[in-house]
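Visitor: I have a model to go through, and I would like to know what stands behind each term. Could you take my questions in turn?

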Amino acid sequence: MGKPSDLVQGTLDLLILKTISLEPKHGWAIARRIQQISNEVLQVQQGSLYPALHRLEQRAWIKAKWAETETGRQAKFYSLTATGRAQLEKETANWGRLSGAINLVVEST
Amino acid sequence: MQWPRQLWMRLQAFFHRDRFTQKLSDEIRFHLDEQMEENIAAGMSPDEARHAAERRFGNSTLVKEETRATWGWTWLEEITQDLRYGLRLLRKSPGFTAVAVLTLALGIGANTAIFSVVNAVLLKSLPFKDPEQLVMVWNRGAAAAGGDRTPLAVADLLDWRAQNRSFADIAAFQSESFSYAGGDLPEQLQAANVTANFFSVLGVQAQLGRTFLPEEDRQGAHHVALLSDGFWRRRLAGDTQVLGRTLDLGGEAYTVIGILPARLDFPAKEVSLWTTLQLKPPTRRGPYFLTGLARLKKDVSLQRARIEMSTLKTSYPSGQYILSGQQFTFNALPVSEFILGDVRLALLVLMAAATLVLLIAAVNVANLMLVRSAARVKEMSLRTALGASRSRIIRQLLTESTLLALTGGALGTLLAVAGVRVLLKIAPDTIPRLSQVGIDGRVLGWTALVSVVTGLLFGLAPEWQTTRLSLEEALKEGGRATTESTGKRRWHSLLVVTELSLAVMLLISAGLLTKSFWRLQRVDSGVSTERILTMQIPLRGPRYEKAQQLDSFYPRLLERIQTLPSVGAVAVSNSLPPDSSEYSDNFSIEGRPAVPNQPPPIAYMVLVSADFFRAFGIPLRGGRFFTAADAANSPPVAIVSETTARQFFPNEDPLGKRITGKGEIVGVVGDVKYSGLADSIQPAIYEPLTQAHTWDAFLSVRTDAADPMSLIIAVRDEIKSLDPELPVSQVGTLESRFATALAQPRFRTTLIASFAALALVLAVVGTYGVISYSVTQRTHEIGIRVALGAPRKSVLKLVLGQGTALAIAGVLIGLAGSFALTGLLRNLLFNVSATDWPTFAGTTLLLSGTALLACYFPARRAIRVDPMQALRHE
């Protein structure tokens, strides 16, 4: 029995950081957003989001705040910290390099 | 800077764990609710929507657990959980817990007790500066001269100091004793007579006052003394004003110049004071009476020093005595070896024995755990099915075994405290630094370490077994008593073989030491020891300065004591069996020229009063004993021992021959051991006390009274009436002197024999447990066999065969191990070879016999199995 995650951990971190870079979001919204934007390709096992969120919060890349949603319920909203924003830039650049390189390899054959 | 914030988060998570957990639940509930709403909006029924949301989310318990793990405190929570669970389990099966804890406590207790002795005696550093640089130096000469520890002459000391380049400095000392009459009780004090640089070589300062000045060991220097802390407190009430005061020691005034630290117990712990030698410029090479103590220069190894010293020439005065110098070579030993000697080896052997016992205990508990783990297979498979990882289960099981081991360790420490008390009671005084034995931080640390390691050791085997089970196998086997799986049986067998082989090694070692002790106890010392009272009466001080004073004292003493009721024979001598000899010396036989390049003959010189041989029951082999007629002014005479006669008069009659300076040989007597029971017999020459003089006298009284000690008061009164200030020491029976000489071997033999007995019991109990369990497990199988017509005999064979195979394997491995290891015991063995076959054979028989007996009872149970019942039981 492996971990219930279809994504490599580092990748999930990047997706989370990217998703909340524009505005604070709660967990469910993050999961939905990743799914929508990836045209339903990235099927994150939703539960596996939470250990990742809490780990990022422990690392102080993101911070969390309980607030009301538009439907009036209490939810935990995550947003980027300054460190998190710097990290996002670094990870994005890394990702770009990595995927570019993989593309090169894959397409050259 | 992120870490302060991270730390803050962690602490928050720790202190508000409950709130954090609650919030996490809220967060996940919110998530599920949102998803459910979306599902409903998509047209599902509420129930369907909930299930879909949960499926989409995954195992929420696991998610919560993993999330909490990111807070960084799960390990603590898990340990607490495991501990609580472990405690509950141990409480639930009190029988198992009691047996396991007790077994461990015995093993750990024995180990801790011995370690506390090892700690104090071997591990605590010696009370000197850089003790590893300190070496003891001797001459190495003929056995009768002192063998490897032949004393030094002043000339040696001066030669070596002048010529050597390996040592920073060389000091020397000799034992001395003084009578001290301060207060109402005359007392004989053990003292060390040392060179002035003795303490600077040791690197020891006085705790009060100063140590000796360089000029204080010259001839004619003022008498000064340093006191031991013990003597200072005991006799001088720890008075700090004592410096500069004079003490009357043996009739001479000594000025107290300092008090040494309490920890200093060199050269012996009985030493109460240190005085300086008065080094006279030597006129010849001998006499030999000093023990050397040297400090190696930095970066010079003992090996190099030995080589350098062997090249030194004995330059001292003329060639006239060079002969006696040539037979000696240089010998040196690290000071720690001098202080610890045989004790180090004996203690290490005991420590190894205690560790073997502990291992056997651990193996037994591992067996118990293995049996129990069989009953827990179902629990473990359930846990695995619910998502517990293998490492998580191992951690839980290890927590349980460590808990067990620590409980055993705690109880073991209590046992050790009691054990140490017993140890100290039976330990001989000759073991150095015993007074420092106790349970300190290091001992407790050791116990904790040993407990944890033991816990891991006996915990791991069954755990590996348990967690390796596949799920199907577990479900198949779980809960039903089927035949033991082969894998598990192999584990049980391995453990039994291990403990049997360890027990064999321990039993053989104990057997060898016991046999050696038995032989040592029965060794012929040459004297009959019954009903003899002995004491030391050193004649020191102005009243005994002249030889004539001695000549008048001894006869009067002997005469007075002879008249006491129930006294058989009385004797005064300078030596006593089994291990008190005053000195040995070269001698030459008249009319026999010295052989060049051959060491001159050497023998113990024993000065005795006429009745000595009669008092000690030494047999006459030829000629006559000394008589009253051998007076100071009559022709000088000597008596030689059988060995002397055999060695130096091989084909002739020694009677009538003359020993230069000692007179005519008038008798030959039986050999007596003067240099320890384990030593070989050395030549001895007896001289009458009337014709030679000694100031260090032993008084021996043979009596008809059942208890020689009943004579003490009468004898003391007689001595007091002759000289009220004469101190009497070492009062006791000759038998007790022999017992003291045997104390160390007795101590280690007793201990190792008890360890071996403990090991035997543990190993037998372990074997019994395993075979018995195996029979229980195979009841079903045996039932079928019997139902199918197997004769009882074949069932018996089945069970006994299993036990026999284990016993044979265990014994063989143990024998092989013993052959490899008992060589280490060689130096502790007396007249027993390290591979003494009767001991090996006896142990083999003993262990196989008891192991088979341990199998017999379960086997009997097996043949009584009622097939109907066994099958119905399923």
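Visitor: Which residue is the bridge partner of S584(B) in strand 15 of chain B?

Guide: Happy to help: the partner is Y604(B). This is a predicted model, where local features need pLDDT of at least 70, side-chain atom pairs count only at pLDDT 80 or more, and totals for chains, interfaces and linings use all residues. Residues are numbered from 1 along each chain as its sequence is written, and chains are lettered from A and ligands numbered from 1 in the order in which they are written.

Visitor: What makes strand 14 and strand 15 of chain B a pair?

Guide: Strands (E, at least two residues) are DSSP runs, numbered from the N terminus. Two of them pair if DSSP finds at least two bridges between them. Strand 14 (residues 583–586) is joined to strand 15 by four bridges, so the two pair, and they run antiparallel.

Visitor: In which sense do strand 15 and strand 20 of chain B pair?

Guide: Strand 20 (residues 684–688) and strand 15 pair in the parallel sense, over five bridges. In strand 20, I685(B) is the bridge partner of M605(B).

Visitor: Why is strand 15 of chain B called mostly covered?

Guide: A residue is buried if 20 or more other C-beta atoms, placed from the backbone, lie within 10 Å of its own (exposed: 12 or fewer; partly exposed: in between). Seven of the seven residues in strand 15 (residues 602–608) are buried, so the strand counts as mostly covered. Across the 874 residues of chain B, buried ones make up 42%.
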